[in-house]
Amino acid sequence: MESKPSVILLYHRFGSPLNRSTVSGQYVTAGLLRAQLRSMFAHGYRPATLTQLVTDPAYAHGYFTVTIDDGYTSVGEIAWPILRELQVPTTLFVVVDGIGGTNSWDQREGDIVVPMLSESELRRLAAEGLAMGAHTLTHPRLTQLDDAALQREVAESGARLAQLLGTPVTTFSYPYGNWDTRVRQAVIDAGYTLATATKLKDAAPWPERPASDPFSALRVNMRWNTIPFALHNKIARAYAKEGR
Ligand SMILES: [Zn+2]
């Protein structure tokens, strides 16, 4: 077990897949979430926080954690009760301009309207132990922004979320897993201690990076059909090249 690299799972939406959505594959039902988490425990992975797993070498092997991007209401309604019951440390990456609104960035690309958690719901979930990180203000492709807009999306999102929660925000997630060396440097300059990414199927190859880079921590993307068998194949493929 000690030889297995630790694993960061990535979720977005919960509930039955809605075929009208352009990202219907992102929906994970309560039953599937529970099966995925149980199978992580059954394979010997122990739960850890994202910060432990990414920044402390003692947690580099044999641990897992959950991250959820964007901040939809289905996190509070469906996922969090299960994650809390199974005591899996979880980090929610919030699109700060979307708080209390809807997924406007997806709607611009043709998606259905999906409600986002409100300020009071975020505060309640944080008080119950859900960790929070920044996922920009407006969910742009950060590599396409000029320096001023990049700095604003990265730094202001964390600052505003910290103000809302009354606690420091030290973690960041790149929208669409889209980053390059300039974006990565902006995250470091803004004072974050780690950033999470993901390798999407049709995205450009990642830039050169240090092994197990805390500012491009690799995650495994969970989808509507990621049954436990598929999950462990996915994990093996994703971390095979991580060099941990
Ligand atoms: Zn996102």
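1. In which hand does α6 pass α7? The crossing is right-handed. This comes from a predicted model, and the points below should be read with that in mind.

2. On the overall fold: the protein chain has eight helices and 10 strands. Its C-alpha trace spans about 45 × 40 × 35 Å along the principal axes. The radius of gyration is 17 Å, and a compact globule of 244 residues would have one near 18 Å, so the value agrees with a compact globule.

3. On the interior and the contacts: of the 244 residues in the protein chain, 40% are buried. Taking the contacts with a sequence separation of 6 or more, 65% are between residues 24 or more positions apart.

4. Back to the helix pair. Helix α6 covers residues 147–165 and helix α7 covers residues 181–189; their axes come within 9 Å and cross at roughly 45°. The two helices are therefore oblique to each other, since an angle between 35 and 65 degrees falls outside both the roughly parallel and the roughly perpendicular ranges. On the α6 side the contact is made by Leu150, Gln151 and Val154, and on the α7 side by Val183, Ala186 and Val187. By class, five of these residues are nonpolar, one is polar and none is charged.

5. Serine 173 is worth a look in the viewer. Strand β8, residues 171–173, contains serine 173. This serine counts as buried because 29 C-beta neighbours lie inside 10 Å, where 20 are enough for that label. Beyond its neighbours within four places in sequence, serine 173 is in contact with Thr67, Asp69, Phe93, Gly133, His135, Ala195 and Thr196. Isoleucine 78 is 95 residues from serine 173 in sequence, and the two C-alpha atoms are 22 Å apart.

6. Is proline 89 buried or exposed? Proline 89 is buried, because 20 other C-beta atoms lie within 10 Å, and the cut-off for a buried residue is 20 or more. Proline 89 is in the loop between α3 (73–85) and β6 (90–94). Apart from its neighbours within four places in sequence, proline 89 is in contact with Pro47, Ala48, Thr49, Thr65 and Ala131. Valine 66 is 23 residues from proline 89 in sequence, with a C-alpha to C-alpha distance of 6.5 Å.

7. The loop between α3 and β6 also holds glutamine 87. Its phi is near 55°, a positive value in a residue that is not glycine. Most residues other than glycine have a negative phi. Glutamine 87 counts as exposed because it has 10 C-beta neighbours inside 10 Å, and 12 or fewer qualifies as exposed.

8. Where does threonine 136 lie? Threonine 136 is in the loop between β7 (131–134) and α6. Threonine 136 has a positive phi of about 75°, although it is not a glycine. Threonine 136 counts as buried because it has 27 C-beta neighbours inside 10 Å.

9. For checking in the viewer, the positive phi values to look up are those of glutamine 87, near 55°, and threonine 136, about 75°. Glutamine 87 counts as exposed, whereas threonine 136 counts as buried.

Note on methods: Residues numbered from 1 in each chain as written. Predicted model: local features only at pLDDT ≥ 70, side-chain atom pairs only at ≥ 80, totals over all residues. Helix = DSSP H or I, 4+ residues; strand = E, 2+ residues; numbered from the N terminus. Rg over C-alpha atoms; globule rule 2.2 N^0.38 Å. Contact = placed C-beta atoms within 7 Å. Axes fitted to C-alpha atoms, helices over the stretch in contact; angles between N-to-C directions. Parallel < 35°, antiparallel > 145°, perpendicular 65-115°, else oblique. Left-handed = near helix turned anticlockwise from the far one by under 90°. Nonpolar A, V, L, I, M, F, W, Y, C, P; charged D, E, K, R; others polar.
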